[in-house]
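User: Please take a close look at one helix and what surrounds it. I am a first-year student, so explain each term once.

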Amino acid sequence: LTIMVDGLSKPNKVGNSWSVMNYSQEQYLLKYETKHVLRFTTAVSDLLKDTAVALAADEIVRYTIFSALASSLAWPVTLLSLADVIDNPWSMCMKRSKAVGIHLSSVLVKRVHGERPVTLVGYGLGARVIFFCLLDMVTKHPPEVYSGIVENAVLCGAPVTSQSLVWRKLCGAVSGKLINGYSSNDWVLSFLYKTTRVTTAVAGIRAVDVSDRKLLNVDLSSVISGHFDYFDKMGEVLKIFGMGS
C-alpha cells in the first residue's frame, strides 16, 4: 500500500507528479488543503516571474558555492524585500501540513488499512506531512502500537529540520528505509524556510547526519535544479528510487 503526498498544486493537474508511480498494487494520493497549496504554488510562481526577482537572480548567479547563498546573511536585499508576498500562504501551508501529518498518524495507528505495510512518498510540503506523521507516531505511542505500520518513507525537498536527533527518532517509525532526497540547488526552499525565522538547517537541501542503516540520503541535485522541478520531474526521481515505471 503506497500513499503519495503532493507539495505543489496546479489547476487541473492534481496528481500529475505521480503518473509513473509503480510501486504497489494499491496506490493512493492524499489530497489535503488543496486551496491553500494551490495559493502557495501560485504565489511562488508569481514571485519568480516578477522583474525584481529576475534582477535578484542575476545577483544569485554570482555565488559560486550554494552554501554561501544559503547562509543567513547572504541573501540579496532585493529578494528579501519580497518575502512578504509569499509569507502568509507559506506560513499557512507549513502549519496545515504539520496538522495533516499528525492526523495521518492517528489514522494509520488505528490500522484501518489492515495489516498491510504502508510506504509513504512525498515532496515539498507533502514530505513535511510525512515527517510529522512519523514524528507523531514515535512521540505519542509505544513501539508496539506503530511497529510494522510504515515500511518505507521517502521525503524529497522536505521543509523540515535536518537535526540528527529528530531524524534518529524517525528511523524508529519505519521497518525498511527512510529516504531523505535533497538538492543543493534548491535555493527557493532555503529562502522560504528562512522566512519562517527558523534557525535550524533544512533537510531538503542537504544530507542528514545520522548513522543508521535505515536512513538513506540521496542527492537529487543532478535532476532537481529548483523546488518547482519536483512537480514536473518526480517521474525521474521515482525511477532513481526504483518506484517508477
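Analyst: Here is a walk around helix H8, its neighbours and its ring pair.

This is a predicted model, in which local features need pLDDT of at least 70 and side-chain atom pairs count only at pLDDT 80 or more, while totals for chains, interfaces and linings use all residues. Residues are numbered from 1 along each chain as its sequence is written, and side-chain values use heavy atoms, with hydrogens and water left out.

Start with the helix. H8 covers residues 164-171. Helices here are DSSP runs of H or I with at least four residues, strands are runs of E with at least two, and both are numbered from the N terminus. Val166, Trp167, Leu170 and Cys171 are buried in H8. Buried means under 20% relative accessible area, exposed means over 50%, and partly exposed is in between (1.4 Å probe, protein chains only). Seen down the axis of H8, these buried residues fall within an arc of 150°, so they line one face of the helix. The arc is taken from the directions that run from the helix axis to the C-beta atoms.

Take Cys171. Its relative accessible area is 1%, so Cys171 is buried. Cys156 has 0% relative accessibility and therefore counts as buried too. The structure holds zero disulfides. A disulfide is a pair of cysteine sulfur atoms within 2.5 Å.

What covers the buried residues of H8? The cover includes H6, E4, E5 and strand E6 (215-219). Contact means heavy atoms within 4.5 Å.

Now look at H6, which spans residues 125-140 and holds Val138. Val138 counts as buried because its relative accessibility is 19%. Leaving out residues up to four places away in sequence, Val138 touches Tyr146, Lys169, Gly172 and Ala173. Val138 and Leu170 are 32 residues apart in sequence, yet 7.1 Å apart in space, C-alpha to C-alpha.

Rings come next. A search of the whole structure finds five aromatic pairs. Rings of Phe, Tyr and Trp (its six-membered ring) pair if their centres lie within 6.5 Å; planes under 30 degrees apart count as stacked, over 60 as edge-to-face and the rest as tilted. One pair is Phe40 with Trp90: the centres are 5.2 Å apart and the planes at 35°, so this pair is tilted. Both Phe40 and Trp90 are buried. Another pair is Phe131 with Trp167, with centres 5.9 Å apart and planes at 55°, so this pair is tilted. Phe131 lies in H6 and Trp167 in H8, so the pair ties together parts that are 36 residues apart in sequence. Both Phe131 and Trp167 are buried.
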